[in-house]
Amino acid sequence: MPRPFTTEDYTARMARATAAAAAAGLSGLVVAPGPDLVYLCGYQPTAITERLTALLLTDGNEPALIVPKLERPDAERATGAPGLRLLDWTDGESPYATAVPLLDPAGRYGVSDNAWAMHLLGLQAALPGTGWTSLTEALPMLRAVKDADELERLAAAGGAADAAYRGILEVRFAGRPETDVAADLSALLIQYGHSQVDFTVVGSGPNGANPHHEAGERVIRPGDTVVLDFGGLKDGYGSDTTRTVHVGPDVPAEVQKVHDVVREAQQTAFEAVRPGVTCQDIDRIARRVITEAGYGEYFIHRTGHGIGITTHEPPYLVEGEEQPLVPGMCFSIEPGVYLPGRFGVRIEDIVTVTEQGGRRLNNTPHELGSVS
């Protein structure tokens, strides 16, 4: 089991976030329920409702968490609570009146991307002189660089996803609907320690040409190529891996060719990972391999995304993202080729940046898998 995060861990995270906000020219941060709140103070309300909950981080002030009075006991049990000033409000009162004394009426604040519009509008109405920007735009690196404890969790999640892949290779595919195989994948993720399954893409035959195909009732047939993309959360941190398999022993020449191209693109991009290389460089490198092989128009998504306490978060490996890689970043490398109406191929690993280069957190074979 990984070491539990402590009050001191959360206090340090809040201090770093407050300093980063000041360095970005912000008066502070307003953090709503969701991954940012979990990351910064370890609190996740039992239910996210219309009642305002907000963590206020402002330079020179003690972190403050505003909660509905009926939820205060839950907030007090959060690991990060001892490092917070807890303020509550009661139904019938304005929650924004509780926040106003803690905010600069002429300040500019970063707000969680997933904050409810009604809450942001309420704060704006109470403080009409304030300015607001999204947290991802203002502080895209807030959660991007992982410490040793986070890396341990991500590696364990990756290992559990690898075990699930090895298990699914033993399952019969032919004659079964995609939904059945997706259910098997979900069960395997839970078996190997996941507390939450976020997705189980099973794209068989022509459905594999849809990168985010939701498993349906199509019956998998001998001769199908099947894209398997699956992941979720283990000990609070994410897994996400993709492998492509073929049903039966006879692999068509073009399927093997496309798989070889995608495999080369994934490997070449991985080998380019090192501190200082930009996110868009990794995307360009993977894309160049696929384009030179004649399949460029069929690589229709970015090369990767960050991962941590959510399965998709900054940084994004995409054209235009000039953020340099730094040690501790974790992200997917997942090039793919999708031939409409025919089949798709994708290979995905989670990779972390080290001082020397890249380290894979998924370690199952990249060969085209064979299933029955």
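This is a walk through a predicted model, stop by stop, with something to select at each one.

**Stop 1: the largest nonpolar core**

Start by selecting Leu29, Leu40, Tyr43, Leu55 and Leu65. Within the largest nonpolar core, which has 33 residues, these touch the most other members. Now colour the elements around them: helix H1 (7-23), strand S1 (28-31), helix H2 (35-41), strand S2 (54-58), strand S3 (64-68) and H7 each put at least two residues into this core. A second core, separate from that one, holds 21 residues, among them Tyr165, Leu188, Val226 and Val245. As background, nonpolar side chains tend to be buried together in soluble globular proteins.

Zoom in on tyrosine 43. Which residues does tyrosine 43 contact, leaving aside its neighbours within four places in sequence? Show Leu37, Val38, Thr53, Leu65, Val67, Glu71, Asp74, Ala75 and Ala78, and you have its contacts on that basis.

**Stop 2: glutamate 76**

Next, click on glutamate 76, in helix H3 (residues 72-76). Buried or partly exposed? Glutamate 76 has a relative accessible area of 44%, so it is partly exposed. Not counting residues up to four places away in sequence, glutamate 76 touches Ala81 and Leu86. For a distance check, draw a line from its C-alpha to that of leucine 120: the two residues are 44 apart along the chain, and the separation is 24 Å.

**Stop 3: alanine 138**

Select alanine 138, which lies in helix H6 (residues 135-138). With neighbours within four places in sequence set aside, its contacts are Ala24, Leu26 and Thr133. Add valine 326 to the view: alanine 138 and valine 326 are 188 residues apart in sequence, and their C-alpha atoms are 18 Å apart in space.

**Stop 4: H7 against H8**

Two packed helices are described by the angle between their axes and the distance between the axes. Show helix H7 (residues 148-168) together with helix H8 (residues 178-191); their axes are 9 Å apart and the packing angle is about 140 degrees. That angle makes H7 oblique to H8. The crossing of H7 past H8 is right-handed.

To see where they meet, turn on side chains for Ala161, Ala164, Gly167 and Ile168 in H7, then for Val181, Asp184, Leu185, Leu188 and Leu189 in H8. Sorted by class, the residues of this H7 and H8 contact are seven nonpolar, one polar and one charged.

**Stop 5: alanine 209 and aspartate 235**

Move on to alanine 209, in the loop between strand S7 (196-204) and strand S8 (225-234). Alanine 209 has a relative accessible area of 15%, so it counts as buried. What does alanine 209 touch, not counting residues up to four places away in sequence? Select Tyr338, Leu339, Pro340, Gly341, Phe343 and Gly344 to see those contacts. Then zoom out to include threonine 7: from C-alpha to C-alpha it is 46 Å from alanine 209, and the two are 202 residues apart in sequence.

Now take the loop between S8 and strand S9 (237-238), where you will find aspartate 235. Check its backbone: aspartate 235 is not a glycine, yet its phi is positive, at about 50 degrees. Its relative accessibility is 30%, so aspartate 235 counts as partly exposed.

**Stop 6: H9 against H10**

Here is another helix pair. Show helix H9 (residues 253-271) and helix H10 (residues 279-292), whose axes come within 8 Å and cross at roughly 155 degrees. That makes H9 roughly antiparallel to H10. Their crossing is right-handed. For the contact, H9 supplies Val261, Glu264, Ala265, Thr268 and Ala269, and H10 supplies Ile282, Ile285, Ala286, Val289 and Ile290. The classes in this H9 and H10 contact are eight nonpolar, one polar and one charged.

**Stop 7: tyrosine 295**

Follow the chain into the loop between H10 and strand S11 (304-306) and pick tyrosine 295. At a relative accessible area of 7%, tyrosine 295 is buried. Tyrosine 295 touches Glu254, Lys257, Val258, Ile290, Val337 and Leu339, residues up to four places away in sequence not being counted. Arginine 72 sits 56 Å from tyrosine 295, C-alpha to C-alpha, and 223 residues from it in sequence.

**Last stop: a cis peptide bond**

Finish at proline 315, in strand S12 (residues 313-317). What kind of peptide bond joins proline 314 and proline 315? The bond is cis, with omega at about 5 degrees. For context, most peptide bonds are trans.

Definitions and conventions:
Residues are numbered from 1 along each chain as its sequence is written. This is a predicted model: local features need pLDDT of at least 70, side-chain atom pairs count only at pLDDT 80 or more; totals for chains, interfaces and linings use all residues. Side-chain values use heavy atoms; hydrogens and water are left out. Axes are lines fitted to C-alpha atoms, for helices over the stretch in contact, and angles run from 0 to 180 degrees between N-to-C directions. Helices (H or I, at least four residues) and strands (E, at least two) are DSSP runs, numbered from the N terminus. Angles under 35 degrees count as roughly parallel, over 145 as roughly antiparallel, 65 to 115 as roughly perpendicular and the rest as oblique. A crossing is left-handed if the near helix is turned anticlockwise from the far one by less than a right angle, and right-handed if clockwise. Contact means heavy atoms within 4.5 Å. Ala, Val, Leu, Ile, Met, Phe, Trp, Tyr, Cys and Pro count as nonpolar, Asp, Glu, Lys and Arg as charged, and the others, Gly among them, as polar. A nonpolar core is a set of buried Ala, Val, Leu, Ile, Met, Phe, Trp, Tyr and Cys residues joined through side-chain atoms within 4.5 Å. Buried means under 20% relative accessible area, exposed over 50%, partly exposed in between (1.4 Å probe, protein chains only).
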